[in-house]
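Work through the exercises below with the sequence and the 3D view side by side. Try each task before you read its solution.

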Amino acid sequence: MLVLTLIGFVHLAKAQYKPSPENLEARKMFEQMRFGMFIHWGPSSLLGSGEWVMNNRNIQVNDYRNLMNFFNPTAFDAKEYVALAKNAGMKYITFITRHHDSFSLWDTKQSDFNIMNTPYKKDVLKMLADECNKQGIKLFLYYSLLDWSRNDYPYETGRTGKKTGRIAKSDYNSYLQFMKNQLTELLTNYGKISGIWFDGHWDQTNKEGEAYTPSRIDWKYDEIYSLIHKLQPWCLIGNNHHIDPINGEDFQMFERDLPGENKAGYSFQAASKHLPLETCETINGSWGYNITDNKFKSDAKIIKLLVGAAGRNANLLLNIGPMPNGQIQQQFVDTLGAVGKWLAKYGETIYDTKGNIIKPQDWGVVTFKDKVAYVHLLENPKNDIVELPNFNFKVKSITGFDDHVNVKYTLDNKSSKLILHTTKDKSQADKIIKIQLK
Ligand code: JFZ
């Protein structure tokens, strides 16, 4: 019995992922950044209907390949993209290298459905990676596990991309090898990669929210993840699988919801207490370029999202879907400019702060850095009273961030409740109050 138990332990210990020191350091840096740019772009952008157009219109693989003949993003300018992110106060970019349609936006030797075979003929990833390096922006790569074009992807058990005309029997081992080869290229030829953002796991599960959601295929994540960590130990792995983190992952992501919320219906999983967190959102409602989507969120709404994420100890990964020629539409540029302007003034209350020390409240959130707590009023407090429960700190001073004027407060030591007597102007996205702690 004892021997068996011991063998079991040894086995478990072996399987348990132990992040490297570089990786742990990278997680800390990831949390400090708080704001990143997501870029959904590729030949699907040509159709102006979002990145799911191949699936939604049941475009056959051979027909879809025609897009390669006229994807020619002559207005793409890596320098401009990176500068746009930087001026918005973003610290990293997560770029789509290959989405579900299977098109590769780099010079890959593993598939001829790639950017080098378009009239453009240039490696956009290389240009972007070099520019990120120059301008001090970290680069993360989105990589789809799901594929709507390849025959070896197990589409038979998938729930999307079923009508793209595939009939040959799939072969996961072949597909897995293909992914490993591509990931090896990505992690070898483009310098330091800060993270890989996987997506598509959910294609092999029942719909989110249904009780029974195991995957119908074994993705062999241990093989994929260990390859990545072997090639670049600091590279953070995240997977948009909408379930609890899997062994080998370094951060947890939420799609269209702040950690702990589930308005979009993808986030039934709880927020990890150990891993860095990230929420991704769109500026309008679409990831890839959508010519009719004019539901732009206001600048205030985006600022509230960013602050709401920081207050929950999470980063915000905000998306742009450039136009097919590589140009970025004015509405996105304007919003990013407005957020950048806000961050230039209030960045100290967001970057390198900790959230979740005081739980999010009806009126907003609190971020902490060193001996300071920043109270973010995102909604008008009822009766001009802002209650901070479980406030187990000593107060030195409480002032408005903008006007430096003292804020009236009472601290009930018995219940550890801090009460601020203040209100906020409706036109303000966020009113910040600075609490200097003893
Ligand atoms: C995924 C992608 O499908 C989408 O194109 C985009 O890249 C986004 C960031 O991530 O979004 C999902 C994930 C799951 C479902 C739908 C969209 N789903 O389960 O139906």
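The exercises below use a predicted model.

**Exercise 1. The ligand shell**

Task: Find how many residues surround the ligand, and sort them by class.

Solution:
- Step 1. Count the shell. The ligand is surrounded by 16 residues.
- Step 2. Pick out the closest. They are H40, E51, W52, H100 and E255.
- Step 3. Sort by class. The shell holds six nonpolar, five polar and five charged residues.

**Exercise 2. Polar atoms at the ligand**

Task: Give the distance from a polar side-chain atom of H100, D199 and E255 to an oxygen atom of the ligand. Then state how much of the ligand's accessible area the protein covers.

Solution:
- Step 1. Start with H100. One of its polar side-chain atoms is 2.8 Å from a ligand oxygen.
- Step 2. Go to D199. Here the distance to a ligand oxygen is 2.9 Å.
- Step 3. Take E255. A polar atom of its side chain sits 2.6 Å from an oxygen of the ligand.
- Step 4. Now look at cover. On its own, the ligand has 440 Å² of accessible area, and the protein covers 92% of it.

**Exercise 3. The two sides of a helix**

Task: Which residues of helix α6 are buried, and why do they line one face?

Solution:
- Step 1. Locate the helix. α6 runs over residues 78–87.
- Step 2. List its buried residues: A78, Y81, V82, L84 and A85.
- Step 3. Look down the axis. The buried residues of α6 fall within an arc of 155°, so they line one face of the helix.
- Step 4. Recall the helix rule. An α-helix has 3.6 residues a turn, so residues three or four places apart point the same way.
- Step 5. Turn to the other side of α6. K79 and N87 are exposed there.
- Step 6. Find the packing partners. The buried residues of α6 pack against β1 (35–39), β2 (92–98), α7 (124–135) and α11 (330–346).
- Step 7. Check the ends. D77 caps the N-terminal end, with a side-chain oxygen 3.1 Å from the backbone nitrogen of K79. After α6 comes G89, whose phi is positive, near 85°.

**Exercise 4. Three loop residues**

Task: Are S170, N313 and F71 buried or exposed? Place each in its loop and find its contacts.

Solution:
- Step 1. Place S170. The loop between β3 (138–144) and α8 (172–186) contains S170.
- Step 2. Apply the cut-off. Buried means under 20% relative accessible area. S170 has 15%, so S170 is buried.
- Step 3. Find a partner. The side chains of S170 and E156 make a polar contact at 2.7 Å. Beyond its sequence neighbours within four places, S170 is also in contact with residues including N151, Y153 and P154.
- Step 4. Place N313. The loop between α10 (299–311) and β8 (314–320) holds N313. Its relative accessibility is 16%, so N313 counts as buried.
- Step 5. Compare sequence and space. N313 and R34 are 279 residues apart along the chain, yet their C-alpha atoms are separated by 8.6 Å. Their side chains make a polar contact (2.9 Å).
- Step 6. Place F71. The loop between α5 (67–70) and α6 contains F71. F71 has 0% relative accessibility, so F71 counts as buried.
- Step 7. Look across the chain. F71 and P43 are 28 residues apart in sequence and 5.6 Å apart in space, C-alpha to C-alpha. Leaving aside its neighbours within four places, F71 has contacts with several residues, among them W41, L46, F103, I115 and P324.

Technical notes: Residues are numbered from 1 along each chain as its sequence is written. This is a predicted model: local features need pLDDT of at least 70, side-chain atom pairs count only at pLDDT 80 or more; totals for chains, interfaces and linings use all residues. Side-chain values use heavy atoms; hydrogens and water are left out. A residue is near a molecule or strand if one of its heavy atoms lies within 4 Å of it. A polar contact is a pair of N or O atoms within 3.5 Å; within protein, one must be able to donate a hydrogen and the other to accept it, and residues adjacent in sequence count only if both atoms are side-chain atoms. Accessible areas come from the Shrake-Rupley method with a 1.4 Å probe; for residues, only the protein chains shown count as cover. Ala, Val, Leu, Ile, Met, Phe, Trp, Tyr, Cys and Pro count as nonpolar, Asp, Glu, Lys and Arg as charged, and the others, Gly among them, as polar. Helices (H or I, at least four residues) and strands (E, at least two) are DSSP runs, numbered from the N terminus. Buried means under 20% relative accessible area, exposed over 50%, partly exposed in between (1.4 Å probe, protein chains only). Contact means heavy atoms within 4.5 Å. The arc is that of the directions from the helix axis to the C-beta atoms.
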